[in-house]
2 protein chains.
Amino acid sequence: MLSTQIATAAHVTLASTLATSTQGPARTLLRAPALPVLKSDAAANQRASQHVAETLKLLIEKLAPQRRVVHAGDLVYQGGESFGHLYVMTSGFFKLVNLSADGREQVVGLKFRGDWLGFDGIANGRYACDAVAMDTGEVLVIRYDALFAACAAQPALMTALHEAMSREIARDRDSLMSVCTLPADARVADFLRYWAESLARRGLRSDQITLRMTRAEIGNYLGMTLETVSRSLSKLARAGVIVFAEKGRRDVQIPDVDALSEFIQHCLAPASPVLQ
Amino acid sequence: MLSTQIATAAHVTLASTLATSTQGPARTLLRAPALPVLKSDAAANQRASQHVAETLKLLIEKLAPQRRVVHAGDLVYQGGESFGHLYVMTSGFFKLVNLSADGREQVVGLKFRGDWLGFDGIANGRYACDAVAMDTGEVLVIRYDALFAACAAQPALMTALHEAMSREIARDRDSLMSVCTLPADARVADFLRYWAESLARRGLRSDQITLRMTRAEIGNYLGMTLETVSRSLSKLARAGVIVFAEKGRRDVQIPDVDALSEFIQHCLAPASPVLQ
DNA sequence: CGGTAGGTTGAGCGCATTCAAGCGTTGTGG
DNA sequence: CCACAACGCTTGAATGCGCTCAACCTACCG
């Protein structure tokens with residue numbers, strides 16, 4: 001048992017030999033010291049968190065936007081609806097869901113405090129997906145035309161807007177890379193890593209996270225079935241990389257975020273260097 | 001033989017019954033009339049093509065940008081390089097390649113005339129991927145600070161910029177949906193459909209396309225191996241949805257773009273309604 | 001004409017899916 | 001208060017899609 005699986009990783013073109021050599025002495029998932037967060041990250045997270053707060057303050061001061069409170073399941077906007085507003089989250093968790101013409105449903109993004117919602121609507125004048133609240137939260141409601149006008153006079157606003165869009169583009173590409181190059185176990189680990197990092201960057205505690213998504217939603221987001229998600233989480237728990245809370249399986253403790261990265265590398269290792 | 005495969009499609013949550021009923025009388029891949037493009041699409045393509053031309057003209061007039069000619073293999077920018085410019089394609093074909101810290105390589109985007117390159121660099125001040133020319137082409141070199149300043153006085157510029165970013169975000173999500181919800185054969189068909197549509201929207205002929213990517217590159221982009229790409233293309237050719245040029249397998253004829261969509265639906269069909 | 005890169009196809013295997021059973025938690029109504 | 005249904009989660013067994021490995025082919029180029 002403890003069936004350590006060989007990397008699947010659809011087509012790793014070049015430099016895959018590198019991945020092997022950089023992995024170090026193989027299999028050190030359970031580390032003794034386990035410092036909760038790297039110091040360098042802590043500083044970066046502090047800055048990122050402050051940056052989010054400043055951007056929110058800027059928007060509130062310059063645009064005096066309406067605020068809208070949402071509860072789990074509420075739609076901020078819906079695919080097909082005519083575009084007019086952008087939304088900036090001050091709290092809560094959202095998912096973005098694409099719906100194809102033939103009825104396929106796909107979670108294409110997860111959003112946290114400070115993130116913007118609605119960029120997909122600018123180009124075509126209609127929103128291209130649903131923005132669904134996964135918990136109680138609040139968004140700033142920003143009229144696009146008002147923002148557009150304000151940008152001309154307030155460079156800081158335009159900077160904030162462009163930064164947010166740029167970050168979203170970069171993040172979407174990382175998602176695609178994760179789905180395309182990682183086997184199921186590593187994808188789940190990467191998902192947890194991303195979630196923890198997202199919380200950390202916003203100044204929230206990241207060692208104990210509450211997944212607000214069902215296994216089915218996670219699976220949809222990661223391109224796998226809910227059973228595979230469940231199995232991967234169990235495997236992560238067995239490896240000690242995550243710890244489930246006593247009651248219920250929605251809460252996940254992450255003693256050491258770096259162990260998640262190591263687990264991913266372990267999944268990508270071509271073959272078991274030592275024994276399994 | 002002619003092993004028509006059942007749908008894999010990782011997790012199609014709801015409304016998947018719809019997909020079945022909307023498919024019509026099942027299996028009509030080879031249609032007699034085969035009009036090259038739907039009339040409604042033709043009008044939309046005309047408009048889109050004109051819109052691209054107008055945007056390029058606007059940029060040239062307002063910013064008098066440098067032009068840069070590139071050849072196959074040239075890098076417009078490279079991941080890690082410090083950000084300073086955006087680029088707008090006037091001709092050619094580009095791919096965007098992400099490189100992860102551990103050496104995984106992933107094609108995360110394909111770009112055509114009128115598309116912008118470099119958005120990923122705005123947020124962090126460094127480009128997050130490589131932009132590689134796949135053919136001879138030309139880009140407008142646009143200093144971001146100059147564009148930023150010009151946007152304040154020229155709303156049309158800001159509109160063009162935001163539209164381009166929005167379109168990119170929406171497109172990236174479609175890519176993710178394709179990778180997550182479609183089986184290999186359908187993914188290849190969707191890739192061809194996207195490529196043909198991209199050409200059509202720019203006023204280029206879309207019934208005869210020259211793939212400027214190797215099977216390995218296509219496979220990387222779609223999250224599968226080059227062998228699977230080859231097999232899927234062969235299957236599409238056997239079904240008559242595409243036709244290979246006599247000499248070489250890089251040129252692909254697409255007699256009827258809609259047949260590609262039908263093929264995708266066929267791949268998604270829960271089970272063979274009639275016989276296989 | 002040999003060398004190389006890209007492409008096709010077959011055989012076998014394995015990861016992830018499908019199908020299925022069982023468990024824990026929550027919520028509702030008798 | 002307790003059945004009982006509904007929902008989410010876990011785990012096992014079997015199947016199959018897509019991957020790996022391999023051989024062979026074509027086109028291109030020095």
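Which side chain has an N or O atom 3.3 Å from a base nitrogen of DNA strand C? The side chain is that of Glu227(A).

## The model

This is a predicted model, in which local features need pLDDT of at least 70 and side-chain atom pairs count only at pLDDT 80 or more, while totals for chains, interfaces and linings use all residues. Residues are numbered from 1 along each chain as its sequence is written, chains are lettered from A and ligands numbered from 1 in the order in which they are written, and side-chain values use heavy atoms, with hydrogens and water left out.

## Around DNA strand C

DNA strand C is surrounded by 23 residues (a heavy atom within 4 Å of the strand), and the closest include Ala184(A) and Arg215(B). Of the strand atoms that come within 4 Å of the protein, 68% belong to sugar and phosphate.

A backbone N or O atom of Ala184(A) lies 2.8 Å from a phosphate oxygen of the strand, whereas Arg231(B) places a polar side-chain atom 2.9 Å from a base nitrogen.

## Between chains A and B

Chain A and chain B each bring 57 residues to their contact (heavy atoms within 4.5 Å). Four salt bridges (a side-chain nitrogen of Lys or Arg within 4 Å of a carboxyl oxygen of Asp or Glu) cross this interface; one of them joins Asp120(A) and Arg173(B), with the closest N and O atoms 2.9 Å apart. On the side of chain A that touches chain B, the largest share, 20 residues, comes from H4(A).

Conventions
Polar contact = N/O pair within 3.5 Å; in protein donor to acceptor, adjacent residues only side chain to side chain. Helix = DSSP H or I, 4+ residues; strand = E, 2+ residues; numbered from the N terminus.
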